[in-house]
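Hi everyone, thanks for coming. Let's take a look at one structure together, and please stop me whenever something is unclear.

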Amino acid sequence: MKYLDEFSDPDLARRLVDEIHAATTRPWAMMEVCGGQTHSIIRHGIDQLLPDGVEMIHGPGCPVCVTPLEIIDRALAIAARPGVVFCSFGDMLRVPGSSQDLFSVKSAGGDVRVVYSPLDALKIARDNPDKEVVFFGIGFETTAPANAMTVHQARRLGVRNFSLLVSHVLVPPAIAAIMESPTCRVQAFLAAGHVCSVMGTSEYPPLAERYQVPIVVTGFEPLDILEGVRRTILQLEQGRHELENAYPRAVRDEGNLPAMEMLRDVFEVTDRTWRGIGTIPSSGWRLSEKYAEFDAERRFDVAGIRTAESSLCRSGDVLQGLIKPHECAAFGKECTPRNPLGATMVSSEGACAAYFTYRRLELVDAK
């Protein structure tokens with residue numbers, strides 16, 4: 001399959017691994033930002049192929065995982081109301097709130113539906129004018145354009161019974177927050193290729209310069225990640241701190257200009273709370289005043305819901321790269337994919353889920 005088989009070629013992978021080993025003279029710690037990259041690294045054992053001392057730190061780039069508990073509880077409160085059809089992608093249904101999840105609301109009679117596009121939710125709203133239809137719009141810059149387009153369409157078509165519960169977050173402010181943390185060990189970043197395919201690369205050179213760290217835009221297949229690591233190691237060894245694009249088949253420096261224009265029209269930048277991390281200034285989007293009537297938080301008056309995180313779950317430490325998932329005492333015990341304490345064990349991009357799926361037997365044998 002084009003652009004898949006070629007980027008899993010074992011001979012090419014071996015050559016890249018050899019080049020990484022030849023270039024490495026000292027320990028280095030780099031963070032892959034995206035949860036999809038984390039799963040690829042753990043699934044293919046890429047971190048185990050790297051030289052001793054080269055550490056992959058798993059970053060906060062899983063959109064489900066960083067959605068704060070209070071947003072989940074707001075979603076649960078809205079979904080439980082009579083006359084509401086609550087629409088979401090499937091990966092949000094098992095994310096635990098403070099006392100239940102969306103599956104629990106559905107089993108109790110709530111009209112919770114899995115959709116594959118926000119436009120599906122808009123169609124449901126048009127087909128059911130007597131219902132309030134809400135779409136749960138979460139994620140990074142990657143998923144935001146489709147949500148923006150849907151709200152734009154709702155306004156254009158006059159679909160007033162549609163609204164969006166927004167929890168969109170932005171990657172560059174998160175990188176800045178990580179670098180400014182007193183516990184930061186990150187010396188370089190593998191940036192998320194799909195985010196840059198939307199937003200371009202212009203926000204990253206200032207970060208590389210300010211924090212003196214290499215940033216390499218990287219894809220998701222094994223060879224993509226190995227090439228990203230190779231370029232990062234070369235920069236570190238040579239004392240450089242630049243932006244490089246190792247994913248040119250998908251990423252252009254200018255990004256997707258029509259998508260960016262739509263985002264500027266529908267959203268405005270705001271402070272956002274990240275689950276397990278806290279509030280990062282100017283790190284997210286909310287609906288602009290032009291589209292405020294489609295804001296589900298305002299429509300259902302749930303913005304006042306505040307919730308404390310579980311003291312047992314250490315997903316925040318995992319998302320900040322302070323610990324590996326198996327270093328949490330609850331991993332594989334109180335916390336499993338069947339009974340998760342946090343979103344990192346539920347999401348298809350969560351680091352805890354990756355370790356549980358691909359590494360838990362190794363970890364058991366090592367104890």
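Let me begin with two parts of the chain: the centres of domain 1 and domain 3, taken over C-alpha atoms, are 21 Å apart. Do keep in mind that what you see is a predicted model. As for where the parts lie, the domain assignment gives residues 10-63 and 172-245 to domain 1, 66-170 and 255-300 to domain 2, and 314-359 to domain 3. In the contact between domain 1 and domain 3, 23 residues come from domain 1 and 17 residues from domain 3.

How much area is buried between domain 1 and domain 3? About 1,500 Å², with carbon and sulfur atoms giving 55% of that. On the domain 1 side, His39, Ile42 and His58 lose the most area to domain 3, and together they make up 39% of what that side buries.

Now for the polar side of this interface. Five residue pairs are in polar contact between domain 1 and domain 3, and two salt bridges are found across the interface. On the domain 1 side, β1 (28-34), α2 (35-44), α3 (46-49) and β2 (54-61) each supply at least two residues that touch domain 3. You can also find a salt bridge between the side chains of lysine 324 and glutamate 55, at 2.7 Å from N to O.

Finally, let's visit helix α8, residues 144-157. At 1.5 Å a residue, its 14 residues should span 20 Å, and the end C-alpha atoms are indeed 20 Å apart, so the two agree. Its buried residues are Ala144, Pro145, Asn147, Ala148, Thr150, Val151 and Ala154. Just after α8 comes glycine 158, with a positive phi of about 75°.

How values were computed: Residues are numbered from 1 along each chain as its sequence is written. This is a predicted model: local features need pLDDT of at least 70, side-chain atom pairs count only at pLDDT 80 or more; totals for chains, interfaces and linings use all residues. Side-chain values use heavy atoms; hydrogens and water are left out. Helices (H or I, at least four residues) and strands (E, at least two) are DSSP runs, numbered from the N terminus. The expected span of a helix is 1.5 Å times one less than its number of residues. Buried means under 20% relative accessible area, exposed over 50%, partly exposed in between (1.4 Å probe, protein chains only). Domain bounds come from an automatic or database domain assignment. Contact means heavy atoms within 4.5 Å. Buried area is the accessible area (1.4 Å probe) that two parts lose on being put together, summed over both. A salt bridge is a side-chain nitrogen of Lys or Arg within 4 Å of a carboxyl oxygen of Asp or Glu. A polar contact is a pair of N or O atoms within 3.5 Å; within protein, one must be able to donate a hydrogen and the other to accept it, and residues adjacent in sequence count only if both atoms are side-chain atoms.
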